[in-house]
Amino acid sequence: MSEHIQIERQGAVQIIRLNRADKKNALTRAMYAAMTKAMVESDNDADIRANVFFGTPGAFSAGNDLQDFMAFAMSGQMGTEVFDFLIALANSTKPLLAGVDGLAIGIGSTIHFHCDLTFATPQSLFKTPFVDLGLVPEAASSLLGPALMGSQRAFAFLANGDGWSAAEAKDAGLIYKIVEAADLEATVLKAATDIAAKPPEAMRITRDLLRMPREAVVERMQLEAKHFSERLQAEEARNAMVNFFSRKKS
């Protein structure tokens, strides 16, 4: 597993904390595997009634670790960890909440299409630079985005890569509330605790009724993953990533 994912329990709430602050919580394959394990285990544990995702101050997640992507682009071997996590998101039977402070890039943004409640601080930034990296959206965001926010906002966010403030993300429906950084964790954990105290079977059924059918979400994830894998190995994406790393070093 990964030392960069911390799993905690607070009553009936499981906390999944991204803890790779020196890399702004960029997600490695091992981190994905650890989060998937925690989510799958929570689905099979009646004592866990809600899951909460946190990052670290200033960074929820900078997205996927691009070194992993570069390795795949060169070798063609990606592994299943990322897709396993996305499927766990789609199939989760427990409410999902998140608290965002700072950067929420790529999967750091698209994960919120699967969260039932996301709280964010005013200094948060949501951005999905998929196309800029020669890639395509993931996490069924190409399906859930237009349904949630309309086709033009979805295009601006997922295709054009517009960065959104917390206020813009709230206006688009990506997040629920904006709270000050000092209050973020307490606010999210209170909401999760309140949810966990409700009748669990009624909550499960209600949540299923509110969400898009899992079959459609998984099918779109599979289609996105096919294109994503193909794009990663394309010259267009390799060039975009080389340029990205060159800009970081300069």
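Start by selecting β4 and strand β6 (residues 103–105): in this predicted model the two pair in the parallel sense over 2 bridges. To see one of those contacts up close, pick Ser61, whose bridge partner in β6 is Ala104.

Now widen the selection to β4, β6, β8 and β9. These 4 strands form an open sheet, in the order β4-β6-β8-β9, and the pairing is mixed. Which strands stand at the edges? They are β4 (59–61) and β9 (164–165); each has a single partner strand, so one side of each is left without a neighbour in the sheet.

Next, move to another group of strands and select strand β1 (residues 5–10), where you will find Gln6. Is Gln6 buried or exposed? Its relative accessibility is 33%, and because buried means under 20% and exposed over 50%, Gln6 counts as partly exposed. Leaving out residues up to four places away in sequence, Gln6 touches Ile15, Ile16, Arg17 and Asn19. For a long view across the model, draw a C-alpha to C-alpha line from Gln6 to Glu219: the two are 30 Å apart in space and 213 residues apart in sequence.

Keep β1 on screen and add β2. The two strands pair in the antiparallel sense over 6 bridges, and Ile5 stands opposite Leu18 in β2. Then zoom in on the hairpin these strands make: there are 2 residues between them, and Gly11 takes a positive phi near 65°.

From strand β2 (residues 13–18), step across to β3. The two run parallel and are joined by 5 bridges; Ile15 is a good residue to click, as it stands opposite Val52 in β3. Add helix α1 (residues 29–43) to the selection, and you have a right-handed β-α-β unit made of β2, α1 and β3.

Now stay with strand β3 (residues 50–54) and colour it by accessibility. How many of its residues are buried? The count is 5 of 5, so with buried meaning under 20% relative accessible area, the strand is mostly covered. As general background, side chains in a regular strand alternate between the two faces of the sheet. Turn β3 to check each face: Ala50, Val52 and Phe54 lie on one side, Asn51 and Phe53 on the other, and all are buried.

For the last stop, select strand β5 (residues 96–100). β3 and β5 pair in the parallel sense over 4 bridges, and the bridge partner of Phe54 in β5 is Gly99.

Key
Residues are numbered from 1 along each chain as its sequence is written. This is a predicted model: local features need pLDDT of at least 70, side-chain atom pairs count only at pLDDT 80 or more; totals for chains, interfaces and linings use all residues. Side-chain values use heavy atoms; hydrogens and water are left out. Two strands pair if DSSP finds at least two bridges between them. Buried means under 20% relative accessible area, exposed over 50%, partly exposed in between (1.4 Å probe, protein chains only). Contact means heavy atoms within 4.5 Å. A crossover is right-handed if, with the strands pointing away from the viewer, the path from the first strand over the helix to the second runs clockwise.
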